[in-house]
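I opened the model and kept notes as I went. The entries follow the order in which I looked things up.

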Amino acid sequence: MSSKDWLEKDFYAVLGVTRSASPDEIKKAYRKLARDLHPDRNPGNKEAEEKFKAASEAYDVLADDKKRKEYDEMRSLFGSGAFRRGARTGGGGTQFDPSDLFGGFAGAAGGAGADRRFGGSGFSDIFSSIFSGGQAGGPGPAGAARRGPQRGRDVETEVTLDFAQAVRGTTLPLSLRTPGACDTCRGSGAKPGTTPRSCAKCHGTGLISSNQGSFSFSEPCRDCQGSGSIVDEKCPECRGTGGVTKTRTINVRFPAGVADGQRIRLSGRGEPGDRNGPAGDLYVQVKVRPDDLFGRSGDDLTLTVPITIAEAVLGTDLKVPTLDGPVTLRVPPGTPSGRKLRARGKGVVRKEGQAGDLIVTVDVQIPAGVTGEARDVLEKFAKLTPPPARERIDARLRRAAG
Ligand SMILES: [Zn+2]
Ligand SMILES: [Zn+2]
């Protein structure tokens, strides 16, 4: 259900309860209506069917605390006359008066609602312009005068970083294609040297108003598509639209340690706002190309290095690469397979001076077979090395035999 539907419908009246009705009262009222109006009880009765649907719709909103709150807020904003400011103040713009928003019902029988925020731009715009402090524009070209500032749209883009770029952080230029005002006609859409004329049908307001019940509604004028002005000779650059797609380049700083899947928000770097409204935000979805050698675990980098049995038993100095050049790690004598060694500070270096490590896992390689002299030596080693004590295993074997 759209927000507009919410405004046009009085859910409290549909259920026959007051605005202060408790959730219990609402539930009871709905149950009774649902029982009385149920299609099974009223076969072929179109009116009952409509009422039944309306009651379900009303209950759906009023039974949900969150929805009910939103609905109440929206209704009270609308009823306050906040959206008919244009009509009351007339032509050349108006100061924003917060009492318009919160002054309660100010008699909804509205005249020609000339404020295009209502019909013209849809509800999200109404709310965003109100809550962003909606200063209605000052006197300006016909039609544009009463439109308030509009926040620019958010822009979403994606960037793929190399593994090392993500670990160290990097600054990259991003090219963004975003709509902007045409330079040739400065956004008017009219051929240079000509001026758009005020729309006769809507008198330059961009809106056609009508009354329905106690509310007044406005919708964009069809003759001028809600712009309030008509362009006779179109600008050749933008073909009369007033807008062109522009490519802009911005430098985006990716902090050290940015992770695959992370979304970075750059406040105010989205599309520019309309009529001095604030710019939208830029969201950058980060992808990180995996490295063929290093892995990552938070701020630590990981690396697995194979070593021989002899290196594990006798110990060795192991030279390993890091992102800042090679380091040598001491493998102590008697190192088991899977032991982790640390190269301190060779992971992600955060700004605050805290740094992750490179964690090297040694992987002792067991040869599938040995021949020649190596085999002779190993056999000699086997003779000289008693098998490890296996008392408990031997005891179990003896018990099984006896
Ligand atoms: Zn143009
Ligand atoms: Zn018009």
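Entry 1, Lys351. I found Lys351 in the loop between β14 and β15; helices (H or I, at least four residues) and strands (E, at least two) are DSSP runs, numbered from the N terminus. Lys351 is exposed, at 83% relative accessible area. I use buried for under 20% relative accessible area, exposed for over 50% and partly exposed for in between, with a 1.4 Å probe and protein chains only. I then took the C-alpha distance from Lys351 to Gly257, which is 10.0 Å across 94 residues of chain.

Entry 2, ground rules. This is a predicted model, so I kept local features to pLDDT of at least 70 and side-chain atom pairs to pLDDT 80 or more, while totals for chains, interfaces and linings use all residues. Residues are numbered from 1 along each chain as its sequence is written, chains are lettered from A and ligands numbered from 1 in the order in which they are written, and side-chain values use heavy atoms, with hydrogens and water left out.

Entry 3, the whole protein. I noted 13 helices and 15 strands. Of the 402 residues, 36% are buried. Taking contact as heavy atoms within 4.5 Å, I looked at pairs at least 6 apart in sequence: 65% of these contacts join residues at least 24 apart.

Entry 4, the largest nonpolar core. How many residues does the largest nonpolar core have? It has 22, and Leu303, Ile307, Leu318, Val320, Leu358 and Val360 have the most contacts inside it. By nonpolar core I mean a set of buried Ala, Val, Leu, Ile, Met, Phe, Trp, Tyr and Cys residues joined through side-chain atoms within 4.5 Å. At least two residues of this core come from each of α10 (163-168), β11 (300-307), β12 (316-320), β13 (327-331), β14 (340-343) and β15 (358-364). The core lies between domain 2 (155-196 + 233-288) and domain 4 (295-369), because both give residues to it; the domain bounds come from an automatic or database domain assignment. I also recorded a second, separate core of 19 residues, with Phe11, Val17, Ala29 and Tyr30 among them.

Entry 5, Leu318 and Ile307. Leu318 is in strand β12 and is buried, at 8% relative accessible area. Not counting residues up to four places away in sequence, Leu318 touches Val305, Ile307, Val327, Thr328, Leu329, Val331 and Val362. The C-alpha atoms of Leu318 and Ile307 are 8.9 Å apart, with their positions eleven residues apart along the chain. With the same sequence neighbours left out, Ile307 touches Ala312, Leu318, Val331, Val362, Asp363, Val364 and Gln365.

Entry 6, Asp363. I followed the Ile307 contact to Asp363, which lies in strand β15. Is Asp363 buried, partly exposed or exposed? Asp363 counts as partly exposed, at 31% relative accessibility. Beyond four places in sequence, Asp363 is in contact with Thr304, Val305, Pro306, Ile307 and Ser337. From Asp363 to Thr335, 28 residues apart along the chain, the C-alpha separation is 9.9 Å.

Entry 7, Gly240. Gly240 lies in the loop between β6 (229-230) and β7 (243-254) and is partly exposed, at 24% relative accessibility. Leaving aside neighbours within four places in sequence, I listed Gly189, Lys234 and Cys235 as its contacts. The C-alpha atoms of Gly240 and Ala190 are separated by 6.0 Å, at 50 residues apart along the chain.

Entry 8, positive phi. Most residues other than glycine have a negative phi. Arg186 has a positive phi, near 55°; its place is in the loop between β2 (170-181) and β3 (197-198), and Arg186 is exposed, at 78% relative accessible area. His203 also has a phi near 55°. I found His203 in the loop between β3 and β4 (207-212), exposed at 64% relative accessible area.
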